[in-house]
Amino acid sequence: MQKLIPEFEIIPAEGEETCGENRTPREMAERLSGQKAAEVRARLYAGGTPREDYLVIGADTVVEMDGRALGKPADADAAADMLRRLSGAEHRVYTGVTLLACCGGRRAVSFSEETRVVFYPMQESEIADYIRTGEPMDKAGSYGIQGIGGRFVKEICGSYDNVVGLPTAQLYQKLRALGLWNCI
């Protein structure tokens, strides 16, 4: 966010992430980003009238491999299973973003970005060592490209920031196209 907006507040969503059945990973990411944005807006303005102008940005990242979403691991065994699947293989990362704005009229816009990621093959000892760092435990797909997990990434095709969790360039373009950039 600092690449885009000098002053902002991070308010984590606290609700349960649910998106129903029969959704593609892209649809899941967009729906979950919408849920997060709506929850935060509701909490911000509970019992009162929203400010005249506001912008809430919700984002959620889903890792997909072979048509299956890889969420955050439930435990170390689940993280190891995911990392074994990613080892030496290609997967896709989708980040959904939802903008809830009241600036020259109320608007709700959702979009997503896709990035292709390829991992180097990983040894069992590398997987175990990485899990012991704790980094995989709160990350979709059990890795963080911006951290230690970046050492396993052979190549990406698309936005690096998207894999981190917020496609900043596309977000900037959307804010400009929607006339919201001047509201920040």
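## Arg 85 and Asp 66

Arg 85 has a relative accessible area of 27% and is therefore partly exposed. In this predicted model, its side chain forms a salt bridge with that of Asp 66, with an N to O distance of 3.7 Å. The pair links distant parts of the chain, since Arg 85 is in helix 2 and Asp 66 is in the loop between strand 1 and strand 2, 19 residues apart.

Asp 66 counts as exposed because its relative accessibility is 67%. The backbone of Asp 66 also stands out: phi is near 55°, a positive value in a residue other than glycine. Most residues other than glycine have a negative phi.

## Glu 64 at the end of strand 1

Which side chain of opposite charge is nearest to Glu 64, and how far away is it? The nearest is Arg 92, at 4.7 Å, and Glu 64 is buried yet has no salt bridge. The cut-off for a salt bridge is 4 Å, so a separation of 4.7 Å does not qualify.

Glu 64 is found in strand 1, and its side chain has polar atoms placed against the backbone that follows. One lies 3.3 Å from the backbone nitrogen of Asp 66, and the backbone nitrogen of Gly 67 is 2.5 Å from a polar atom of the Glu 64 side chain. Leaving aside neighbours within four places in sequence, Glu 64 is in contact with Pro 25, Ala 69, His 91, Arg 92 and Tyr 94.

## Helix 1 and its cover

Helix 1 runs over residues 25-44. With 20 residues at 1.5 Å a residue, the helix should span 28 Å, and the 29 Å between its end C-alpha atoms agrees with this. Its buried residues are Pro 25, Met 28, Ala 29, Leu 32, Ser 33, Gly 34, Ala 37, Glu 39 and Val 40. An α-helix has 3.6 residues a turn, so residues three or four places apart point the same way. The cover over the buried residues of helix 1 includes strand 1 (54-65), strand 2 (68-70) and strand 3 (90-102).

Ser 33, in helix 1, counts as buried because its relative accessibility is 0%. Its side chain reaches the backbone oxygen of Glu 30 at 2.8 Å and has a polar contact of 2.7 Å with the side chain of Thr 98. Outside the four places on either side in sequence, Ser 33 is in contact with Gly 58, Ala 59, Asp 60, Gly 96, Val 97 and Thr 98. The C-alpha atom of Ser 33 is also 7.9 Å from that of Ser 110, which is 77 residues away along the chain.

## Other salt bridges

How many salt bridges does a search of the whole structure find? The search finds 13. One of them joins the side chains of Asp 60 and Lys 36, at 2.7 Å from N to O. This pair links strand 1, which holds Asp 60, to helix 1, which holds Lys 36, across 24 residues. Asp 60 is buried because its relative accessible area is 6%, whereas Lys 36, at 21%, is partly exposed.

The side chains of Lys 139 and Asp 138 form another salt bridge, with 2.9 Å from N to O. Asp 138 is partly exposed, with a relative accessible area of 49%. Salt bridges with shared partners also join Arg 26, Glu 90, Arg 92, Glu 114, Arg 116 and Glu 155 into one network.

## Nonpolar cores

The largest nonpolar core has 22 residues, and those with the most contacts inside it are Leu 83, Val 117, Phe 119 and Tyr 143. Strand 1, helix 2 (76-86), strand 4 (106-119) and helix 3 (124-132) each supply at least two residues of this core. Helix 2 gives the most, with 5 residues. A second, separate core of 11 residues includes Leu 99, Phe 111, Leu 166 and Leu 175.

Leaving aside neighbours within four places in sequence, Val 117 is in contact with Ala 89, Glu 90, His 91, Val 93, Tyr 143, Val 153, Glu 155, Ile 156 and Val 163. Among these, Tyr 143 is another of the residues with the most contacts inside the largest core.

## Ser 142

Is Ser 142 buried or exposed? Ser 142 counts as buried because its relative accessibility is 0%. Ser 142 is placed in the loop between helix 3 and strand 5 (153-157). Its phi is near 70°, a positive value in a residue other than glycine.

Conventions
Residues are numbered from 1 along each chain as its sequence is written. This is a predicted model: local features need pLDDT of at least 70, side-chain atom pairs count only at pLDDT 80 or more; totals for chains, interfaces and linings use all residues. Side-chain values use heavy atoms; hydrogens and water are left out. Helices (H or I, at least four residues) and strands (E, at least two) are DSSP runs, numbered from the N terminus. The expected span of a helix is 1.5 Å times one less than its number of residues. Buried means under 20% relative accessible area, exposed over 50%, partly exposed in between (1.4 Å probe, protein chains only). Contact means heavy atoms within 4.5 Å. A polar contact is a pair of N or O atoms within 3.5 Å; within protein, one must be able to donate a hydrogen and the other to accept it, and residues adjacent in sequence count only if both atoms are side-chain atoms. A nonpolar core is a set of buried Ala, Val, Leu, Ile, Met, Phe, Trp, Tyr and Cys residues joined through side-chain atoms within 4.5 Å. Lys and Arg count as positive and Asp and Glu as negative; His and the chain ends are not counted.
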